[in-house]
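Biologist: I would like to go through this model with you and ask, at each step, how a description follows from the numbers behind it. Could we begin with the words used for how covered a residue is?

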Amino acid sequence: MMATSSKSSSIILGVTGSIAAFKAAQLASDLKKEGREVVVVLTKSAQKFVGEATFEALTHQPVLVDLFDFRKTHKPEHIDVALHASLIVVAPATANVIGKIASGIADDLLTNIVMAAASPVLICPAMNDRMWKNPIVQNNVKTLGKLGYHFCGPDEGYLADGYEGVGRLAEVDVIHEAIKKLIP
Ligand SMILES: Cc1cc2nc3c(=O)[nH]c(=O)nc-3n(C[C@H](O)[C@H](O)[C@H](O)COP(=O)(O)O)c2cc1C
């Protein structure tokens with residue numbers, strides 16, 4: 001069982017529309033147990049796979065989904081959220097979101113937060129092996145690596161869509177270790 005400690009860091013956990021999105025719930029739970037503040041941002045596609053209630057219950061924080069839902073504070077949320085974070089983790093990261101980040105596209109809350117990031121960004125790809133091998137995806141990963149974005153995974157093995165290959169989300173424990181290396 002994981003020991004509870006008190007860590008003051010705030011982690012943005014961006015969850016995107018991958019079949020592996022359910023594993024982000026375990027990651028959120030493990031980080032919270034460790035005493036971290038975890039704020040989950042779901043893309044619209046992620047909401048087809050996992051629900052806000054799961055993450056709100058696990059993190060004890062509101063889940064953020066809508067770029068334009070800032071009327072309560074009258075302040076665009078993405079800048080504040082980005083500046084407050086010690087680390088942004090995108091897990092699982094779709095081919096789509098990797099492509100958007102690499103291309104400087106900010107058309108939803110998560111990609112706006114990543115673009116405004118003042119912290120390291122850790123990207124944990126998860127996709128079908130053919131998507132992962134696509135030269136455009138590989139080029140995007142290389143571009144982001146050169147720009148200082150951190151990557152964890154993907155692994156090789158059984159893919160939830162029934163195929164075998166490289167593209168499986170790194171194990172939650174491995175992602176957790178990568179997070180601890182970036183923000184001990
Ligand atoms: C059942 C299903 C599973 C999917 N799994 C993945 C996946 O693991 N990785 C991926 O890159 N895209 C996957 N997709 C496609 C993405 O959901 C799609 O590209 C979407 O536009 C991603 O949006 P987002 O990056 O804003 O979350 C899947 C789609 C479906 C219908």
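Modeller: A residue is called buried if 20 or more other C-beta atoms lie within 10 Å of its own, exposed if 12 or fewer do, and partly exposed in between. Please keep in mind that this is a predicted model.

Biologist: Why is Leu144 called partly exposed?

Modeller: Leu144 has 18 other C-beta atoms within 10 Å, and a residue is buried only from 20 upwards and exposed only at 12 or fewer, so Leu144 falls in between and is partly exposed. Leu144 is found in helix H7, residues 135-146, and, leaving aside its neighbours within four places in sequence, it is in contact with Ile101, Ala102, Ile123 and Tyr149. Trp132 is 12 residues from Leu144 along the chain, and the C-alpha atoms of these two are separated by 15 Å.

Biologist: Why is His60 called exposed?

Modeller: Around His60 there are 10 other C-beta atoms within 10 Å, and because the word exposed applies at 12 or fewer, His60 is exposed. His60 lies in the loop between helix H2 and helix H3 (77-84), and its phi is near 60°, a positive value in a residue other than glycine. A positive phi is also found just after helix H1, where Gly35 takes a value of about 95°.

Biologist: How do you know that S1 and S2 pair, and in which sense do they run?

Modeller: Two strands pair if there are at least two bridges between them, and 6 bridges join S1 to S2, so the condition is met and the two strands count as a pair. S1 and S2 run parallel, and within this pair Gly14 stands opposite Val41 in S2.

Biologist: What makes S4 and S5 a pair?

Modeller: There are 2 bridges between S4 and S5, and because at least two are needed, S4 and S5 pair, in the parallel sense. Here Leu122 stands opposite His150 in S5. On the S3 side, 4 bridges join strand S3 (residues 87-93) to strand S4 (residues 121-125), which run parallel, and Val90 stands opposite Ile123 in S4.

Biologist: What order do the strands of the sheet have, and which strands are at its edges?

Modeller: The open sheet of 5 strands has the order S2-S1-S3-S4-S5, with parallel pairing. Strand S2 (37-42) and strand S5 (150-151) are the edge strands, since each pairs on one side only. Helix H1 (residues 23-33) packs on this sheet, touching strand S1 (10-15), S2 and S3, and its direction makes about 175° with that of S1.

Biologist: Which residues of H1 are buried, and what do they pack against?

Modeller: The buried residues of H1 are Lys23, Ala24, Ala25, Leu27, Ala28 and Leu31. These buried residues pack against S1, S2, helix H2 (52-59), S3 and helix H8 (172-182).

Biologist: What makes S4 a mostly covered strand?

Modeller: In S4, 5 of its 5 residues are buried. Val121, Ile123 and Pro125 point one way from the strand, whereas Leu122 and Cys124 point the other way, and all are buried. S2 is mostly covered too, with 5 of its 6 residues buried.

Biologist: How many residues does the largest nonpolar core have, and which of them touch the most other members?

Modeller: The core has 55 residues, of which Leu13, Ala28, Val40, Val89, Ala91 and Cys124 touch the most other members. S3 supplies the largest share of this core, 6 residues. For Val89, leaving aside neighbours within four places in sequence, the contacts are Ile11, Leu13, Gly14, Leu122, Cys124 and Ile179.

Biologist: What surrounds the ligand, and how do its surroundings divide by class?

Modeller: The ligand is surrounded by 15 residues, of which the closest are Thr16, Gly17, Ser18, Ser45 and Thr94. By class, this shell has 8 nonpolar, 7 polar and no charged residues, and helix H4 (residues 95-103) gives the most to it, with 3 residues.

Biologist: Where are the cis peptide bonds that you listed for me?

Modeller: One cis peptide bond runs from Ala91 to Pro92, with omega near -5°, and Pro92 is found in strand S3. Another runs from Gly153 to Pro154, with omega near 10°, and Pro154 lies in the loop between S5 and strand S6 (155-158).

Terms used. Residues numbered from 1 in each chain as written. Predicted model: local features only at pLDDT ≥ 70, side-chain atom pairs only at ≥ 80, totals over all residues. Near = placed C-beta within 6 Å. Nonpolar A, V, L, I, M, F, W, Y, C, P; charged D, E, K, R; others polar. Contact = placed C-beta atoms within 7 Å. Axes fitted to C-alpha atoms, helices over the stretch in contact; angles between N-to-C directions. Core = buried A, V, L, I, M, F, W, Y, C linked by C-beta atoms within 7 Å.
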